[in-house]
Amino acid sequence: MPAVEILFAFFLTTTVFAFIPGPAMLYVAARTLAADRRAGLMATLGIHVGCYVHVVAAAAGLSILFHLVPTLYVAVKLAGAAYLIYLGVRMFRAARAAGGMSGALPPVKSAGRAFLESMLVEILNPKTAIFFLAFLPQFIDATAGFPVWLQFLILGTLVNAMFTIADIVCVLAAGAITARLSRVSALQRNLQRTGGAILVGLGLQVAFQRT
């Protein structure tokens with residue numbers, strides 16, 4: 001493995017990146033606001049699992065395809081953006097449908113779906129692949145006893161774990177807000193609309209970003 005000072009720089013840099021608010025934090029917060037803390041935690045787990053696809057791809061050198069074939073990068077990016085917008089619109093529709101009901105909203109049963117959808121969202125995020133391809137080689141030691149691909153796997157797993165911890169903190173914070181406001185059905189519908197708006201906004205941001 002790399003020298004101790006390189007590993008220290010790796011952990012410090014990873015921690016800073018992980019706890020800077022970004023799209024993943026906004027995404028899991030949106031899922032939490034639109035449903036509940038359990039759905040947010042399952043969304044975080046889905047992102048965590050989906051991220052391993054990019055870790056393995058980086059270790060195998062597959063992520064470089066996005067550099068070599070720009071059309072593939074754009075296609076995957078637009079697919080992910082479209083899926084985020086679809087999820088946001090669906091939240092809007094759920095809130096509108098709930099508005100026609102009398103009394104409290106029915107209990108949310110979307111935790112399992114949140115996991116699967118979030119895993120797909122992460123897999124369709126080519127920026128994650130590019131991030132690993134650009135970030136991890138700075139901490140890879142080609143002269144170390146561990147092969148390069150194994151170093152990619154180990155460091156990628158550590159990065160994924162750190163980002164997941166940051167996302168869990170975000171979910172817990174959003175869950176505390178949701179728990180206080182969800183007793184009133186009108187407020188819960190507004191939370192669903194807020195979550196939907198965040199997802200649509202993320203989808204549009206991804207679609208129109210140049211890189």
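How many helices and strands does the protein have? Colour the model by secondary structure: the protein has nine helices and zero strands. Here helices (H or I, at least four residues) and strands (E, at least two) are DSSP runs, numbered from the N terminus. From the N terminus on, the elements read α-α-α-α-α-α-α-α-α.

This is a predicted model, in which local features need pLDDT of at least 70 and side-chain atom pairs count only at pLDDT 80 or more, while totals for chains, interfaces and linings use all residues. Residues are numbered from 1 along each chain as its sequence is written, and side-chain values use heavy atoms, with hydrogens and water left out.

**Whole chain**

Select everything and colour by accessibility. Of the 211 residues in the protein, 41% are buried; buried means under 20% relative accessible area, exposed over 50%, and partly exposed in between (1.4 Å probe, protein chains only). Among the contacts (heavy atoms within 4.5 Å) with a separation of 6 or more, 84% are between residues 24 or more positions apart.

**Helix 2**

Select residues 23–34. The 12 residues of helix 2 should span 16 Å at 1.5 Å a residue, and its end C-alpha atoms are 16 Å apart, which agrees; the expected span is 1.5 Å times one less than the number of residues. Helix 2 is mostly covered, with nine of its 12 residues buried. The buried residues of helix 2 include Met25, Tyr27, Arg31 and Leu33.

**Helix 3 and its ends**

Move on to residues 37–60. Helix 3 has 24 residues and reaches 35 Å from its first C-alpha to its last, close to the 34 Å expected at 1.5 Å a residue. At its N-terminal end, aspartate 36 acts as the cap: a side-chain oxygen lies 3.3 Å from the backbone nitrogen of arginine 38. After helix 3 comes glycine 61, whose phi is positive, near 80°.

Keep aspartate 36 selected and add isoleucine 177. Their C-alpha atoms are 9.8 Å apart in space, although the two residues are 141 residues apart in sequence. Isoleucine 177 is found in helix 8 (residues 148–181). Its relative accessibility is 45%, so isoleucine 177 counts as partly exposed.

**Helix 2 against helix 3**

Show both helices together. They pack at an angle of about 150°, with their axes 7 Å apart. That makes helix 2 roughly antiparallel to helix 3. Axes are lines fitted to C-alpha atoms, for helices over the stretch in contact, and angles run from 0 to 180 degrees between N-to-C directions. Angles under 35 degrees count as roughly parallel, over 145 as roughly antiparallel, 65 to 115 as roughly perpendicular and the rest as oblique. Tyr27, Val28, Arg31 and Thr32 in helix 2 meet residues of helix 3, among them Arg37, Gly40, Thr44 and Ile47.

**Helix 3 against helix 7**

Hide helix 2 and select residues 126–135. Helix 3 and helix 7 pack at an angle of about 40°, with their axes 9 Å apart. Helix 3 is therefore oblique to helix 7. At this interface, Cys51, His54, Val55 and Ala58 in helix 3 meet Thr128, Ala129 and Phe132 in helix 7.

**Proline 137**

Finish in the loop between helix 7 and helix 8, where proline 137 is found. At 37% relative accessibility, proline 137 counts as partly exposed. Not counting residues up to four places away in sequence, proline 137 touches Phe132 and Phe152. Add glutamine 151, 14 residues from proline 137 along the chain; the two C-alpha atoms are separated by 9.3 Å.

Conventions:
Polar contact = N/O pair within 3.5 Å; in protein donor to acceptor, adjacent residues only side chain to side chain.
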